[in-house]
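Hi everyone, thanks for coming along. I have one structure to walk you through today, so let's put it up on the screen.

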Amino acid sequence: DLIADLKYELTGKFERLIVSLMRPPAYGDAKEIKDAISGVGTDEKCLIEILASRTNQEIHDLVAAYKDAYERDLEADIVGDTSGHFKKMLVVLLQGAREEDDVVSEDLVQQDAKDLLEAGELKWGTDEAQFIYILGRRSRQHLRLVFDEYLKIAGKPIERSIRGELSGDFEKLMLAVVKCIRSTAEYFAERLYKAMKGLGTRDNTLIRIMVSRSEIDMLDIREVFRTKYEKSLYNMIKEDTSGEYKKALLKLCGGDDDAAGEFFPEAAQVAYRMWELSAVKVELRGTVQPAGDFNDDGDAQVLRKAMKGLGTDEGAIIEVVTKRSNAQRQQILKAYKAHYGRDLMADLKSELSGSLAKLILGLMLTPAQYDAKQLRKAVEGAGTDESVLIEIMATRNNQEIRAINEAYQEAYHKSLEDDLSSDTSGHFKRILVSLALGNRDEGPENLTQAHEDAKKLADVSSNDSSDSLETRFLSILCTRSYPHLRRVFQEFIKMTNHDVEHAIKKRMSGDVRDAFVAIVRSVKNKPAFFADKLYKSMKGAGTDERTLTRIMISRSEIDLFNIRGEFIDLFDKSLHHMIEKDTSGDYRKALLVLCGGED
């Protein structure tokens, strides 16, 4: 018996991998599920991964293989080992009865989206049965359209509603089903990344996916992996594993995409879907609203009392400053001056220190004054903080840019454009100066023009130095309206099978690349862009408090609520939780008030 001999000769993870490869797929799945429900406790993640991702035929083969190998009924074993709505959904998936008709009824799409909304967001409590029926039975093509329709009518993706309405293993199962409907390759890319990121490796998950997908969609998974995580699956396996086990996994992986530079259709489809989703109008919401019972003189008195005499009442200052809109804070400044003949900013500066002082003083400036100050800090002294220049200039709209220019001139008696020009050079300078004009088109998309623009961006053959690649990208990315650019990016994907961000990273470098990528991400999904920057400011050792403070201040009245939603979607943890874990003292207290709630 070859498998018996292999088990005898090999050991550990390498043995598990090789023996798994020797089993037919259905018997491999059957063994994984048997192991998941045997003994004390249940490996729910394994059950979710297999049953949420397999086709009808694969489910039927799995049920038959389980019966053949263990002389037991799979459904009965799962029913005996799980409970509640989680159990009900697993049983539905075990039937392998998902509709497979590619013909989609538009009326039914709209009805299902409406039913899901009414079963969750619009209902006191949640009608879980409706979620189970629609997500467990409808065809993949139908459900993709339902998810798009849901986004339009609910103003949020179905995933966010599932997180808000469901809980526990049932929530995780439904999210896995949605992810697999959208893109099975993207689902497995995410599972592989989580299996290897951080300390330790989840080898069972890594082995199971590398074995089960190696003959199905591993090339697609690889490219989605690189697109999402900006590193190749090959390199992550190489860094995270060792010995013969590593050697075998790398053979299954099949190649290093960082070296190859190819782009596969599945990744293009994932990117295209992301662009389409970004084009749906979602209401932007801040977390700081104007106080209803506002009294500027009363607030001025509270602040004076908090700073008068020995010691400072930081809690009172936080309570007032973080719970008033910026317009209300400007009124408090005037009331304080009128009542006490003192400069509130000077008093706050003398009473507070460190990170809390930077946060409170930043909140007391107008948005344009605050951005102007951050830009000035980025260009003055030795060295330039290009990342701050990129973040602000790439994400502000025309009105905000013009207000920044005025505030900059008033505060520093020189033009922002002159400072940017003298402190930067080359194409990077041209990008910043173009953005600083605040003259971006504000009209709707023009399909004919979008096709021409996409062609221009895709053209790598031009030898005319006056029409360099950077010049062409600048002329389009820095001047066209956001709705138009979204259409350009969709046309680019259709034309090249590449995402425009992927093309920028492949063909450019340094600050020019970073600036264009920031513009693209801002156009695609500005809250997601800021969620990513917030996550990077807190992950790993140490905290980048400058970035954390800057984004929390500048987005608190614009889209911080949306940023919170994107944060939990992207990183499976809440912004509130990460701030709580990564900061301390009164600085943390003030940030959490701005954050506005735990998701």
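Let's begin with charge on the surface: K45, K172, K197, R202 and K539 together form a positive patch. Keep in mind that what you see is a predicted model.

Take one member of that patch, K197. Where does K197 sit? You'll find K197 in the loop between α13, which covers 184-196, and α14. As for cover, K197 has a relative accessible area of 32%, so it counts as partly exposed.

Now follow the chain into helix α14, residues 203-213. How many of the residues in α14 are buried? It's 10 of the 11, so this helix is mostly covered. Among the buried ones are D203, R208 and R213, and the run L206, I207 also belongs to the buried set.

Another residue I'd like you to click on is R550, in helix α35, residues 545-555. Is R550 buried or exposed? R550 is buried, because its relative accessible area is 1%, and the cut-off for buried is under 20%. You can also look at R550 together with I392: they are 158 residues apart along the chain, yet their C-alpha atoms are separated by 9.9 Å.

Finally, let's zoom out. The chain has 38 helices and 0 strands. Of its 599 residues, 51% count as buried. Along the principal axes, the C-alpha atoms fill a box of roughly 90 × 65 × 55 Å. The radius of gyration is 27 Å, which agrees with a compact globule, because a globule of 599 residues would come out near 25 Å.

That's my tour, thanks for listening!

Definitions and conventions. Residues numbered from 1 in each chain as written. Predicted model: local features only at pLDDT ≥ 70, side-chain atom pairs only at ≥ 80, totals over all residues. Heavy atoms only, no water. Buried < 20%, exposed > 50% of the residue type's maximum accessible area, 1.4 Å probe, protein only. Helix = DSSP H or I, 4+ residues; strand = E, 2+ residues; numbered from the N terminus. Patch = residues over 30% accessible without salt bridge, like charges linked within 9 Å, V, L, I, M, F, W, Y side chains within 5 Å. Areas by Shrake-Rupley, 256 points an atom, 1.4 Å probe, with all protein chains shown as cover. Salt bridge = Lys/Arg side-chain N within 4 Å of Asp/Glu carboxyl O. Lys, Arg positive; Asp, Glu negative; His and termini not counted. Charge placed at Lys NZ, Arg CZ, Asp CG, Glu CD. Rg over C-alpha atoms; globule rule 2.2 N^0.38 Å.
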